[in-house]
Amino acid sequence: MSSETREQWQSRRGFLLAAVGSAVGLGDIWRFPYVVGENGGGAFLLVYLLVVLVIGVPLLLGEFALGRRMQSESATAVARLVPASRWRHAGLIGVIAAGLILAYYAVIAGWVFKYAALYLGASPQLLAQEGHAALFQAYVARPLEPLAWQLLGMALTTAVIAKGVEKGIERLSVWLMPLLALLLVGLAVHSATLPGFGRGLAFLFQPDWAMLARPDLYLAALGQTFFSIGLAMGVMVTYGSYQPATRPLPGAAVAISLADTLFGVIAGLVIFPAVFSFGLDPAQGSSLTFAVLPQVFAQLPGGRLVGALFFLLLSIAALTSMVSLLEVTVAYAMQRWRWSRPRASLCLGGLLFLLGMPASLGFGAWAGLPLPGGHTILDAMDFFAVELLLPLNGVLLAVLLGWLWPRHEAMEAADLHARRLGRLWHFSLRYLVPVLVLTVLAGSVYRT
Ligand code: TRP
């Protein structure tokens, strides 16, 4: 598609909400609270905030600038940055990784939809007091039903993407993101009335300094930053390419990163007080949302309504993020292979559903597969994508942006020109991001 006919966001608000919609997802509400829980609470939060400011914001701005300047989807944008070098194929990693993340993300989204339906339709016996962890385990082990919900999620995502940037992504985000914020704030207010609110606050905000000695904490903070903002997978390059040159980018990058962090923190404020109110353990890993929270909702007065709202919230958050991941691959197929949007949406949506099937079956039919460390297939995909591909691709991107893009051009593309802020931004891309990310990665590889 030539740049004259390239699709565009209709309004600045549409762009912001679409980007926040991509950023705010399962990463904030399902992943962030359990990662905080596993890493000891407050100390992790502090490191996380630092990583967002020093690494997250500069990379996000870099991605927007690259996409908007090159007016093309993410792999082509990288290729146009370094047309004559071997690095021109590097952008492909992001496109592939976006597809990989979407494939297993849809499995978790499927669980979320199922739980939303459960609370909205309410089969009372399922929501009873006891055995929520067992219920969850039995559910994910079923052969067909989780696949059906996963398929529904992919079908919705495909339908939105087939409609295009403005009529699909932008319209969806403009409607759903305010609703999402409203739901989350409402739940947080409710959470403030619970007896465990004080302990939840303390857990989230009181740093335990001893935790800072653990190298895992830094890798976790890094992985969470990339995943939560949605960096290094081409999403923000692609979204930036639909943004007209007349609208400045730096403010948007800061606002989006902070909004994403705020959503995560508020999600923590919803979850931890509830968990502590019933004497449960916040460090139960990825099952926090599905095994622990239903136990909370069962004991809470009005818990069924709270549960319904919570899983509705999570469904919305998941959908807008899935949309952004599919768009990366669809934009690639449209530009590189000249596929029409409907065809690209349908083919890639279908293909990525198939790729996600093993992640779902890994909890049931294929649970016996011998994976290292007793991990599930979904865990393995998540680890590979989030703790390896994301940081590696982040370094690659920072090197491309910081070293191979002439500095004045990069600063101009980012609307920073030669201001001091521009130099800081460039310094971060050039030195801070590569050095910090590589150090953390090396540290974790060395230990294992
Ligand atoms: N940021 C989303 C979340 O928090 C997930 C997501 C969307 C993502 N796009 C991404 C993760 C790109 C990594 C890369 O759930």
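Visitor: Which helix gives the largest share of the lining of the largest pocket?

Guide: That's H16, with seven residues. Keep in mind that we're looking at a predicted model. H16 spans 377–404, and H2, helix H6 (132–141), H10 and helix H18 (420–447) also supply at least two residues each to that lining.

Visitor: What makes a residue part of the lining of the largest pocket?

Guide: A lining residue has an atom within 4 Å of a point of the pocket. For the largest pocket, 35 residues line the space, and the closest to its centre are His375, Asp379, Asp382, Phe383 and Glu387. The pocket holds about 1,000 Å³ of space. By class, its lining has 18 nonpolar, nine polar and eight charged residues.

Visitor: Now the ligand. How do you know that Tyr105 makes a polar contact with the ligand?

Guide: The cut-off is 3.5 Å between N or O atoms. A polar side-chain atom of Tyr105 lies 2.6 Å from an oxygen atom of the ligand, so the pair counts.

Visitor: And why do Ser22 and Phe227 count as polar contacts of the ligand?

Guide: Here the backbone does the work. A polar backbone atom of Ser22 is 3.1 Å from a nitrogen atom of the ligand, and a polar backbone atom of Phe227 is 2.8 Å from a ligand nitrogen. Both pairs are within 3.5 Å, so they qualify.

Visitor: How much of the ligand does the protein bury?

Guide: Taken alone, the ligand exposes 360 Å², and the protein buries 100% of that. The space the ligand takes is the largest cavity.

Visitor: Why is that space called a cavity and not a pocket?

Guide: In a cavity, a 1.4 Å probe fits but cannot get out, whereas a pocket is open. The ligand's space is classed as the largest cavity, so a probe there has no way out through the protein atoms.

Visitor: Which residues come nearest the ligand?

Guide: Of the 17 residues around the ligand, the nearest are Ala23, Gly27, Tyr105, Phe227 and Met233. By class, that shell has nine nonpolar, seven polar and one charged residues.

Visitor: What makes Gly27 count as polar?

Guide: The nonpolar and charged classes are fixed lists, and the others, Gly among them, count as polar, so Gly27 falls there.

Visitor: What about the lining of the second largest pocket: how many charged residues does it have?

Guide: None: the lining divides into 12 nonpolar, one polar and no charged residues. Val57, Pro58, Leu421, Leu424 and Trp425 lie nearest the centre of this pocket, whose volume is about 280 Å³.

Definitions and conventions: Residues numbered from 1 in each chain as written. Predicted model: local features only at pLDDT ≥ 70, side-chain atom pairs only at ≥ 80, totals over all residues. Heavy atoms only, no water. Near = heavy atom within 4 Å. Polar contact = N/O pair within 3.5 Å; in protein donor to acceptor, adjacent residues only side chain to side chain. Areas by Shrake-Rupley, 256 points an atom, 1.4 Å probe, with all protein chains shown as cover. 1 Å grid on protein atoms, 1.4 Å probe; cavity = no way out; pocket = protein on both sides within 12 Å on 5 of 7 lines; lining within 4 Å. Sits in = over half its atoms within 2 Å of the grid points. Points joined across faces, edges and corners; volume = space filled by probe spheres on them. Helix = DSSP H or I, 4+ residues; strand = E, 2+ residues; numbered from the N terminus.
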